[in-house]
Amino acid sequence: MFKRFTWLTCAVLLCALLISLPAGQVAVASEPAVARIGDKTYPTLAAAVDAVPKDTPTTITLLADTTGSGVRVGKRTIEEDGKDKDIDWPMNIMFDLAGHTYTVVNPTVGSTGTETNAFQLLKGSTVTFKNGKITSSVAKILIQNYCNLTLENVVLDGTNLADTTPYTLSLNNGKVNITGNTSILAKK
């Protein structure tokens with residue numbers, strides 16, 4: 001009787017383990033979503049930007065306080081003849097930070113040899129940041145802007161930027177609208 005009970009107990013435990021194993025693997029393998037476009041979620045803000053169609057108004061919503069790489073808007077890298085090539089890809093993006101903070105860490109973005117920006121917003125695009133905060137301690141420029149840009153109820157916190165002469169917001173081209181309760185904080 002004891003042998004039967006032990007064997008049955010082991011069989012039940014083994015079945016329970018096998019049934020629960022796939023669920024455990026899914027939980028470990030999947031990355032938490034940090035941004036969404038419509039109903040689709042993305043593991044990084046940069047991945048969400050990579051999914052934005054050309055010249056189509058798109059809202060990317062941040063889902064939590066997030067740390068991530070720099071983000072480039074307005075170009076795509078494609079492979080052509082076995083080499084990477086940048087092509088113009090004008091975007092119309094609203095970054096709804098939804099009350100959260102996006103903290104930029106390495107790698108930062110920018111032109112070849114000067115990848116020091118948290119955000120590089122290129123000519124031909126239209127970008128809005130609203131309802132949250134952007135900061136970094138590794139970027140030298142928080143936002144390098146060449147596009148039409150709107151800042152609405154957002155904090156650009158450049159107080160911890162790298163370098164001795166950092167820029168919180170560099171304006172090179174396009175129109176800039178600053179509305180609502182927007183703050184642009186520079187390093188002292």
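# A first look at the strands, core and charges

Strands β8 and β11 run parallel to each other and pair over five bridges. That pairing is a good place to begin with this predicted model, since β8 also pairs in the parallel sense with β3, again over five bridges, and β11 pairs in the parallel sense with β13 over nine bridges. The notes below follow the strands from pair to pair, then turn to the core, a buried lysine, the salt bridges and a few backbone details.

**How the strands line up**

- Strand β3 covers residues 57–62 and strand β8 covers residues 92–96; within this pair, T59 stands opposite M94.
- M94 also has a bridge partner in β11, namely T128.
- Moving on to β11 and β13, which are joined in the parallel sense by nine bridges, F129 has L151 of β13 as its bridge partner.
- β13 pairs with strand β15, made of residues 176–179, in the parallel sense over four bridges, and here L151 stands opposite I178.
- β13 also runs parallel to strand β16, residues 183–185, and three bridges join the two; V155 stands opposite S183 in that pair.

**The nonpolar core**

- Which residues have the most contacts inside the largest nonpolar core? They are I60, F95, F119 and F129, in a core of 35 residues.
- I60 has a long list of contacts beyond its neighbours up to four places away in sequence, including A35, I37, L45, V49 and V52.
- On the β8 side, I60 touches I93, M94, F95 and D96, among others.
- F129, one of the residues with the most contacts in this core, is the residue whose bridge partner in β13 is L151.

**A buried lysine**

- K130 sits in strand β11.
- Is K130 buried or exposed? K130 is buried, and yet has no salt bridge.
- D96 carries the nearest side chain of opposite charge, 4.5 Å from K130; a salt bridge needs a distance within 4 Å, so this pair does not count as one.
- Setting aside neighbours within four places in sequence, K130 is in contact with M94, F95, D96, L97 and A98, and also with E152, N153 and V154.

**Salt bridges**

- Side chains of opposite charge can pair when their charged atoms come close.
- How many salt bridges are counted in this model? The count comes to four, and three of them are described here, beginning with R72 and D86, then K85 and E80, then K133 and D157.
- R72 and D86 form a salt bridge in which the closest N and O atoms are 3.1 Å apart. This pair links distant parts of the chain, with R72 in strand β5 (residues 71–73), D86 in strand β7 (residues 83–88), and their positions 14 residues apart.
- R72 is partly exposed at 22% relative accessibility, and D86 is partly exposed as well, at 41%.
- K85 and E80 form another salt bridge, with 3.4 Å between the closest N and O atoms. K85 is partly exposed at 37% relative accessibility, and E80 is partly exposed with a relative accessible area of 36%.
- The side chains of K133 and D157 meet in a salt bridge of 3.5 Å, N to O. This pair too links distant parts of the chain, as K133 belongs to β11 and D157 to β13, 24 residues apart.
- K133 is partly exposed, with a relative accessible area of 28%, whereas D157 counts as buried at 9%.

**Backbone details to look for**

- Where is the cis peptide bond described here? It runs from N106 to P107, with omega near 5°.
- P107 lies in the loop between β9 (101–104) and β10 (117–121).
- N131 is not a glycine, and yet has a positive phi of about 60°. N131 lies in strand β11, which covers residues 126–136, and is partly exposed, with a relative accessible area of 28%.
- D163 is another residue other than glycine with a positive phi, near 85°. D163 is found in the loop between β13 (148–157) and β14 (167–171), and counts as partly exposed at 35% relative accessibility.

How values were computed
Residues numbered from 1 in each chain as written. Predicted model: local features only at pLDDT ≥ 70, side-chain atom pairs only at ≥ 80, totals over all residues. Heavy atoms only, no water. Buried < 20%, exposed > 50% of the residue type's maximum accessible area, 1.4 Å probe, protein only. Core = buried A, V, L, I, M, F, W, Y, C linked by side-chain atoms within 4.5 Å. Contact = heavy atoms within 4.5 Å. Pairing = 2+ DSSP bridges. Lys, Arg positive; Asp, Glu negative; His and termini not counted.
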